[in-house]
Amino acid sequence: MKIIVCIKQVPAKDAPLAIAGNWIKESDIGFEMNEPDSFALEEALRLKEKHGGEVIALSMGPERVKQTIKEALAKGADRGIHISDDRFFELDPLGASKALSAAVKGENADLILTGLQSDDQGFGQTGVLMAAELDRPHATIIMAIEAADGKLKLKRELEAGWFQWVECPLPAVLSIQSGINKVRYATLKGIMAAKKKEIAIVTRESLGVTSEPTQRVEKIYVPTKTKKTEFLTGTPKEMAAKLVEKLRFDARVI
Amino acid sequence: MKILVISEHRQGKWNNSSFETLAAAQQIAAAANGSVSAAVLGKGIGTFADELANKAVAEVLAVDHDLLADYTPDGYCIALNQLIESAKPDLVLFPHTYQVRDFAPKLAASLGKGMIGDCVGYRSEGGKLIFVRQMFQGKTVADVSFLGSGPWFASFQAGAFRANLVQAHVSGKAPVNPVAVQLSAAQIRTKPLELFKEAKSAVDLTQAPLIVAIGRGIKAPENIPQAEAVAKAMGAEIAASRPICDEGWLPMERQIGSSGQTVAPKLYLALGISGAIQHVVGMKGARTIVAINKDQNAPIFEIADYGIVGDIFEIMPALTEELQKAK
């Protein structure tokens with residue numbers, strides 16, 4: 001089974017964000033693999049271990065993105081594709097999906113996996129749009145994959161505790177729900193092996209992808225508060241005492 | 001402006017966020033001198049169409065087809081593509097449900113259009129419609145506008161609008177107009193099988209008046225008893241954000257958020273929860289929200305009534321002691 005995993009690199013979870021125009025100031029913060037995509041990568045590696053084949057890590061973004069591709073290679077992906085792009089954040093979901101689709105079109109993969117959504121822009125549309133672009137069936141929010149006889153049996157998560165089994169032919173595009181598996185760590189041996197693995201570099205220009213944006217982020221800002229929060233200060237003991245008093249006598253909830 | 005709302009139902013029941021989106025559409029239309037229509041898809045959907053017709057809408061478009069009995073992304077995309085081509089709305093609005101995430105971007109793409117998903121609000125600026133959506137897990141919001149001609153596609157997050165603000169029809173009922181679509185079994189590539197629930201819940205968090213919830217800040221399963229001690233001293237149920245249940249540190253039935261339970265207790269105490277949107281949609285209806293987090297910029301403080309910026313491992317034991325004292 002040939003599997004492509006789309007992996008985004010996003011600001012580290014606790015990175016202090018400074019807004020710069022319609023994006024963030026990238027210079028002073030760390031970046032990491034988008035957590036939902038790490039579940040997709042793990043699922044790809046498990047499918048390869050079970051059914052054989054190849055796992056290709058695909059990522060778009062500036063030079064820093066290479067680090068995340070290398071992390072995927074260290075965990076067991078066989079090779080990487082980097083769509084080198086400093087202006088990736090200006091792309092709308094459709095534009096990003098067109099670029100990602102163009103980069104994998106020639107691979108004729110059996111399966112394309114994405115995470116549920118990115119922790120930065122959070123569009124949550126990439127997988128579905130790649131399926132549209134590549135004219136493949138898709139399913140999203142997947143909690144289990146069983147592959148047999150050239151087709152997939154998938155457990156989809158619905159809302160409010162409901163699930164549904166869905167049958168899907170191959171080739172297909174799947175968006176993986178976070179928590180589907182336990183993500184592995186890279187081993188030292190994996191990290192060493194990754195150094196010899198290939199990362200192909202392409203650009204939107206070299207892929208011949210152009211797309212008219214359908215939407216524009218006018219500005220990004222810190223949300224204005226709708227509730228007035230009363231902050232309690234002091235030593236832990238003082239804060240705890242104040243909180244209990246507030247909850248008993250002001251909010252009257254305990 | 002002609003607005004079309006796509007409603008959602010499953011197993012004979014409405015997804016109530018359909019009405020939140022209908023309320024949003026009515027508000028947008030009122031300001032823009034526009035009209036609202038509502039669509040319902042499925043098989044044997046007369047009751048649903050009839051209920052929509054009681055609302056203040058220009059018409060109800062009912063797409064009844066055997067192949068729409070169960071949801072499939074192909075079936076919905078093909079049917080709605082035809083519906084939109086014939087109804088010619090300027091703006092198509094959806095509730096941002098799991099089902100909508102599964103097909104709406106593809107539907108928009110099939111018409112060469114984009115979608116602004118998971119919006120929490122809108123604004124009109126000099127006649128231009130701006131959609132507001134969260135980014136960076138709710139730490140920032142973005143104003144997003146459409147470029148080019150319609151139809152435009154957008155979805156609204158659960159809880160962004162109030163369903164009880166939906167206007168009823170002023171003079172009885174709106175017309176229900178059946179819409180015929182061309183759809184064949186061969187066009188539907190995925191096959192939906194059985195629906196099911198995992199293990200029956202032993203606890204019903206939706207009925208709990210007091211909830212103590214833990215997030216990533218708890219760091220390790222061996223720290224959970226400290227939070228449980230707080231809950232016990234308060235007489236509260238323990239709950240968690242998704243990562244905790246994903247790790248198996250607490251059972252799935254104790255998960256609060258878009259993929260877990262939606263609760264509205266008297267008190268919600270969030271310990272080491274950052275307040276990502278997916279969690280907040282499940283608990284923002286709580287009467288009193290208390291947040292304790294070491295990061296003063298954590299989005300959970302946006303919705304908290306009382307906030308403590310500090311180390312939960314220092315505050316949990318102190319809080320347990322104070323709660324016991326107060327009894």
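The following paragraphs lead through a predicted model of two chains, A and B, from their interface to a shared sheet and the nonpolar cores.

The place where the chains meet is a suitable starting point. Here 67 residues of chain A are in contact with 68 residues of chain B. Several elements of chain A give two or more residues to this side: the helices α3 (93–104), α4 (126–134) and α7 (236–250), together with the strands β9 (138–148), β11 (162–169), β14 (215–221) and β15 (230–231). Helix α7(A) provides the largest share, 10 residues. By residue type, the side of chain A that touches chain B divides into 37 nonpolar, 13 polar and 17 charged residues.

Strands also link the two chains. Strand β11(A) is joined by five bridges to strand β12 (residues 191–197) of chain B, and the two run antiparallel. Within the facing strands, Phe163(A) stands opposite Phe196(B), which belongs to β12(B).

A second link between the chains appears in an open sheet of 10 strands, whose pairing is mixed. Read across, the order is β14(A)-β9(B)-β8(B)-β7(B)-β10(B)-β6(B)-β1(B)-β4(B)-β5(B)-β11(B). The edge strands are β14 of chain A and β11 (176–178) of chain B, each of which pairs on one side only. From one strand to the next, the twist averages 35°. Inside this sheet, strand β8 (residues 128–135) of chain B and strand β9 (residues 140–146) of chain B run antiparallel and are joined by six bridges. In this pair, Arg133(B) stands opposite Ala142(B) in β9(B). Helix α4 (residues 98–110) of chain B packs on the sheet, where it touches β6 (91–95), β7 (115–125) and β10 (152–156) of chain B. The direction of α4(B) makes about 165° with that of β10(B).

The nonpolar cores complete the picture. In soluble globular proteins, nonpolar side chains tend to be buried together. The largest nonpolar core in this model has 120 residues. The residues with the most contacts inside this core are Val5(A), Ala57(A) and Leu58(A) from chain A, and Val5(B), Ala39(B), Val40(B) and Leu93(B) from chain B. Helix α3 (residues 73–87) of chain B gives the largest share of the core, seven residues. A second, separate core has 59 residues, including Leu232(A), Ala231(B), Ala233(B) and Tyr306(B).

Which residues surround Leu93(B), if its neighbours within four places in sequence are left aside? Leu93(B) is then in contact with Ile3(B), Val5(B), Thr21(B), Ala24(B), Ala25(B), Ala154(B) and Phe156(B).

Technical notes: Residues numbered from 1 in each chain as written. Chains lettered and ligands numbered in written order. Predicted model: local features only at pLDDT ≥ 70, side-chain atom pairs only at ≥ 80, totals over all residues. Contact = placed C-beta atoms within 7 Å. Helix = DSSP H or I, 4+ residues; strand = E, 2+ residues; numbered from the N terminus. Nonpolar A, V, L, I, M, F, W, Y, C, P; charged D, E, K, R; others polar. Pairing = 2+ DSSP bridges. Core = buried A, V, L, I, M, F, W, Y, C linked by C-beta atoms within 7 Å. Buried ≥ 20, exposed ≤ 12 C-beta atoms within 10 Å, placed from the backbone. Axes fitted to C-alpha atoms, helices over the stretch in contact; angles between N-to-C directions.
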